[in-house]
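Good morning, colleagues. I would ask you to look at the structure on the screen while I go through its salt bridges, its interface and its cavities.

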Amino acid sequence: MDCYTANWNPLGDSAFYRKYELYSMDWDLKEELRDCLVAAAPYGGPIALLRNPWRKEKAASVRPVLEIYSASGMPLASLLWKSGPVVSLGWSAEEELLCVQEDGVVLVYGLHGDFRRHFSMGNEVLQNRVLDARIFHTEFGSGVAILTGAHRFTLSANVGDLKLRRMPEVPGLQSAPSCWTTLCQDRVAHILLAVGPDLYLLDHAACSSVTPPGLAPGVSSFLQMAVSFTYRHLALFTDTGYIWMGTASLKEKLCEFNCNIRAPPKQMVWCSRPRSKERAVVVAWERRLMVVGDAPESIQFVLDEDSYLVPELDGVRIFSRSTHEFLHEVPVASEEIFKIASMAPGALLLEAQKEYEKESQKADEYLREIQELGQLTQAVQQCIEAAGHEHRPDMQKSLLRAASFGKCFLDRFPPDSFVRMCQDLRVLNAVRDYHIGIPLTYSHRYKQLTIQVLLDRLVLRRLYPLAIQICEYLRLPEVQGVSRILAHWACYKVQQKDVSDEDVARAINQKLGDTPGVSYSDIAARAYGCGRTELAIKLLEYEPRSGEQVPLLLKMKRSKLALSKAIESGDTDLVFTVLLHLKNELNRGDFFMTLRNQPMALSLYRQFCKYQELETLKDLYNQDDNHQELGSFHIRASYAAEERIEGRVAALQTAADAFYKAKNEFAAKATEDQMRLLRLQRRLEDELGGRFLDLSLHDTVTTLILGGHNKRAEQLARDFRIPDKRLWWLKLTALADLEDWEELEKFSKSKKSPIGYLPFVEICMKQHNKYEAKKYTSRVGPEQKVKALLLVGDVAQAADVAIEHRNEAELSLVLSHCTGATDGATADKIQRARAQAQKK
Amino acid sequence: MAFPHRPDAPELPDFSMLKRLARDQLIYLLEQLPGKKDLFIEADLMSPLDRIANVSILKQHEVDKLYKVESKPAVSSSEQLCFLVRPRIKNMRYIANLVNADKLAGRTRKYKVIFSPQKFYACEMVLEEEGIYGDVSCDEWAFSLLPLDVDLLSMELPEFFRDYFLEGDQRWINTVAQALHLLSTLYGPFPNCYGIGRCAKMSYELWRKLEDEEDGETKGRRPEIGHIFLLDRDMDFVTALCSQVVYEGLVDDTFRIKCGSVDFGPEVTSSDKSLKVLLNAEDKVFNEIRNEHFSNVFGFLSQKARNLQAQYDRRRGMDIKQMKNFVSQELKGLKQEHRLLSLHIGACESIMKKKTKQDFQELIKTEHALLEGFNIRESTSYIEEHIDRQVSPIESLRLMCLLSITENGLIPKDYRSLKTQYLQSYGPEHLLTFSNLRRAGLLTEQAPGDTLTAVESKVSKLVTDKAAGKITDAFSSLAKRSNFRAISKKLNLIPRVDGEYDLKVPRDMAYVFSGAYVPLSCRIIEQVLERRSWQGLDEVVRLLNCSELAFTDMTKEDKASSESLRLILVVFLGGCTFSEISALRFLGREKGYRFIFLTTAVTNSARLMEAMSEVKA
């Protein structure tokens, strides 16, 4: 451990920089990196190489080849480039590879070389060709900035939501700028460019000339510029070998440095971290790497190989053909513990633990020292934190061991930070493994990225088992964790064209089962997207919510299946949606046929038609040969839709025909009668005046009698074969209403009444004519006599009749009518009769 | 009288929460349209709305003027119009006309449509077809349960009956399922579920699906209501078709109770004004007589009047201090009681007057004869006379249906002649009414092969019961038969009377029909609750044509308290009558249960018949 700080290089008085190896690269590159277009994604992302990008020949052997590797050099994809010449490569925040072609078309590829989509940067770019392009990241996503052959800039701040912006012209710009970069300030993307000794800032409205404060004189051209990861800082490299470092707003200078190398550097990037003690810029030439900051001396490294720098949030990754290294400022906790002769509590604790393992009593001395200063808590925290910054598991372990040792001597040290660090490191070490190749650092990248995004990245690399293990290890809720990953897995699975539909469906169902939060319809949608309709239908079978099945089935043009699923779901709205779909999709005949087999859908559609499309309703019945309903339909039309009498009769005729077809003779006859009645009523109105139309037969006759047209009334009754009983009731009521007592009496004597004579008594009484009523009581039959007598109020006689009949029920009826004093005698009489009857 | 509950009867859950929920939701929706606005309300929603939020609450939330949605267009000058409607196509056209008229006049306003209880896609379709979908914003007011009384929840959806049982339209089933879901989220899961009928089964299944999708929420809760029973109205049309003779039912039949309140006309109030009276458990007088047979009510009221007088009389002989106490504490209550008493006495008088005019006794006698199945010819002639005399189209229709259902359809001769008579009396458009009634199975013709019953019984003697069951199923799929007579025998619906049935001290649920008939629906519920399943009722289920539509679902009861297990929610799909409610209240008192009623609407025979009638527009 003595040489632990051997790779620490001081920069200025306070900060150390160190460089260590992440991986020895596994790739077997034939070319030098300088012969390729290179793009590496931040956050330990993949590396893309385009070999032979500049060859114009068509020969297959020298065609450009696009290769994608993990950060550890594991090949992920390789494909022959068949499109136009590529100017620039870059990775989006979602780890999609953007390839900017000379004609302004941007092709988007997935991590595995799968083509996703393409878009164009506009006509102007197409005409003037692309001279240079940059992919940049903002908080909204990833943007593309393009410098065209006409020396104009076009950019889009978010390729996910493509909005092209053409930047204003730079006045007097004749040749390409010597260097340029995108800045991002106040959520707006700008472009900073250098032309000769001048700097210009382009925003969407204007072009303004800017001057960095405190810039050394004598600059005739800027050779290179670099913006920090967070867009906060800017570095400029001039042709005098002078480096200016300041804020990106160009309002403040941080420092400057003269390296005395006039050759233009290959790359220049910022190397800093949040809360950096000493920010630095890393400048790379062919064989030399220099770290400069606010210090008179720079740190220099020799590069054995052609190398490439990737700026990260907390350092710089440097990869070459053989190695992949990480250069960063040593974090505070590590510095405190490992700095030579450090007396920081963490350092002492680490020592103490080591001595303890050696079973030396020095352990106690060290511990006492810390405890005397009351810094044990701090020591433990330091060790935990430093463990996070270590790349090598053995170092992580020894620091954690020290922390754990120190914890034993503390009463109340909350365990979560320790536990969480152990968990996090375990996850980090797992993804740093070179098979996986995601070299994330703990402090910022991992925390910044969040575990959700990390899981997404694993899913993107199809590392489903590892992702699931992590979820289970961190005990993430199923819906966010395992189910989501399984769903992704299933979506990938359906793309395997060589496996049969049955096998895929079964495999998916076996794995997913009824895991909560998994939507089979989403997976099915993906399967359909891959052109596997049958598989999609099979997968939908597993979807428990039929409502979810329907939209996809419709999309797949399986409307009939969709209809039965919708009906199964019991959701009428869903059924209706499908119906309207079907209506547009099928011809009318087929549509109706489909409906015929689905009574629920049919009734739903009928309800709709009844209000919105009456004609369709008729067609529907016609199609079904449903003559009964068709008849009803026309009947309704005869009084709802038609106004004129001829129209109404015609509608009724159609209805009658339909009823005959439906073998409903009764309805047909009734309808024909109604036609006759209508015509007749019309004639009556014409001849007699008054209102007859729409009266029922009964009311028509009544109206005639009330109007004194007895002859006509009788004629009508004969024509329509009104039964005698009805006619008697009708006449009786009408005559009583007219109070034509004479006619009534005549009528009563015309022949024997088919309804008896009690009704005569009743009706007269209803008109309060006791006198007339009494006339009929004698003619009432014996069974109803008592009732009739009671009606006219002749209690005494009623009692006599009842006693004569010896009918118990009648007796009690009469008794119940006896009121108080007046009928006292009658009541007594009945009681006596009753007693007598009982004796017998 | 007014039997008290057993001391161990469980407490009812507090349903006023439903009202608060609905009110808050409505206010939220109104606030979505800030500023002054005119509110257009569908007529059918006015009374329910009134029970939830009165005009002053609406005014508080910047409702300016109120309009009724009706056929003639309203003239509103407001810049914002809000429509509160049922999801009906008719309403959509009304709104479309209004919006399109504005467009023609070059006027732009804000329109918002609030659908209650839910929005249907078909409605949105109509808005789209009328070209105004983009002009209006749509919302849902999920107000599906109105507590009319402490034990009565109504969905206030009278159209449910016609839509489902006549048109076969199933869209309200979702609403029912949502309502049940709401109840189970508020009052805990239901450990025991029973049901019978197609609609009951579908609603139940849909409800279960909703619960499964949203599981976890109700799982941990203690059930407050131990049983739920879902019943389709078409299981028992007979009960709904009978004349009601318990007080509340009679008031409904005579004056029509609307949304828990009734308009008593001048003949009742004995003044020149009509009076709107809320009828529920809070009306002390009403609460004591609502479930009583009408013949007892008058006696009770006069006794009550005497008591009241006695209480008034107490003030004689009081000293000043006592008098002061009396005035400040008792007088108000007495006066209130006095007022209610005189109202109900007035109502009784009015009912008596109406009923004697219509030969009520004859009518009841005929009904009882139909229920018991004797003197069918005599009853048929009575009905014929009823039609000939044009007593009342709805009443005539009701009697015809009652005859048809109890007799498994009319014999062809009667079917024709009665229909002919009816058309002659009440107009030819009723041809459609008859077609509706036939479709709903309310008025049918005995099929020529309807000696089936005879064949059937012979067959069942020859082969096993199971095979006979199958044969009957096959037949019943041809013509759905009511089998009332057989069911009635099986379930003992016509009590054997030895001597007079004492209506003052009822023996069984038959008292709601003067002791002549135990309501079928209530008997089914009683039997199933007794058995805790359909076991042993196979024959009845088969006769109801529901072999596959009767279900039981029990979950473990470890969490349910014994108190909750005596609370039973009965869901009537298609409506229930006050007689049924009274009968079950009676059953509850006998057995120590409490019943809670959830109905799509409170119904009676007239409402059922009107739903089936075609009337000229």
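Over all chains, the count comes to 86 salt bridges. Please bear in mind that this is a predicted model.

Let me take one example from within chain A. A:Arg368 is joined to A:Asp364 by a salt bridge, with 3.0 Å between the closest N and O atoms. Helix H4 of chain A, residues 362-373, holds both A:Arg368 and A:Asp364, and the two are four residues apart, about one turn of the helix.

I turn now to the interface between the chains. How many residues of each chain are in contact with the other? On chain A there are 47, and they are in contact with 48 residues of chain B. Between them, chain A and chain B bury about 4,000 Å², and 52% of this lies on carbon and sulfur atoms. Three residues, A:Tyr639, A:Phe666 and A:Arg726, supply 17% of the area that chain A buries against chain B, more than any other three residues. The size of an interface is often expressed in this way, as the accessible area lost when the parts come together.

As for polar interactions, six salt bridges are counted between chain A and chain B. A:Arg636 forms a salt bridge with B:Glu614, and their closest N and O atoms are 3.2 Å apart. In addition, 22 residue pairs are in polar contact between chain A and chain B, counting pairs with both residues at pLDDT 80 or more.

Which elements of chain A give two or more residues to the side that touches chain B? They are helices, among them H15 (559-569), H16 (572-585), H18 (599-612), H20 (627-640) and H22 (665-688). H18 of chain A makes the largest share of that side, with eight residues. By class, the side of chain A that touches chain B comprises 17 nonpolar, 14 polar and 16 charged residues.

My next topic is the cavities. Rolling a probe the size of a water molecule over the atoms shows where empty space is left. In this model, the count comes to nine cavities of 30 Å³ or more.

The largest cavity has a volume of about 140 Å³. It is lined by 16 residues, and those closest to its centre are A:Lys610, A:Tyr621, A:Glu629, A:Arg636 and B:Arg439. A:Arg636 is thus a residue we have met already, as the salt-bridge partner of B:Glu614. Elements of both chains give two or more residues to this lining: H18, H19 (614-624) and H20 of chain A, together with H6 (159-166) and H19 (430-440) of chain B. The lining of the largest cavity divides into five nonpolar, three polar and eight charged residues.

The second largest cavity has a volume of about 110 Å³. Of the 14 residues in its lining, A:Ser638, A:Leu652, A:Gln674, B:Pro428 and B:Glu429 lie nearest the centre. From chain A, H20, H21 (645-661) and H22 each supply at least two residues of this lining, and H22 of chain A has the largest share, four residues. Here the residues divide into seven nonpolar, three polar and four charged.

I close with a single residue of chain B. Where is B:Arg566 found? B:Arg566 sits in the loop between strand S12 (550-554) and strand S13 (567-573) of chain B. Its side chain reaches the backbone oxygen of B:Gly592 at 3.3 Å. Leaving aside residues up to four places away in sequence, B:Arg566 touches B:Asp8, B:Ala9, B:Pro10, B:Gly592, B:Tyr593 and B:Arg594.

Terms used
Residues numbered from 1 in each chain as written. Chains lettered and ligands numbered in written order. Predicted model: local features only at pLDDT ≥ 70, side-chain atom pairs only at ≥ 80, totals over all residues. Heavy atoms only, no water. Contact = heavy atoms within 4.5 Å. Buried area = accessible area lost by both parts, 1.4 Å probe. Salt bridge = Lys/Arg side-chain N within 4 Å of Asp/Glu carboxyl O. Polar contact = N/O pair within 3.5 Å; in protein donor to acceptor, adjacent residues only side chain to side chain. Nonpolar A, V, L, I, M, F, W, Y, C, P; charged D, E, K, R; others polar. 1 Å grid on protein atoms, 1.4 Å probe; cavity = no way out; pocket = protein on both sides within 12 Å on 5 of 7 lines; lining within 4 Å. Points joined across faces, edges and corners; volume = space filled by probe spheres on them.
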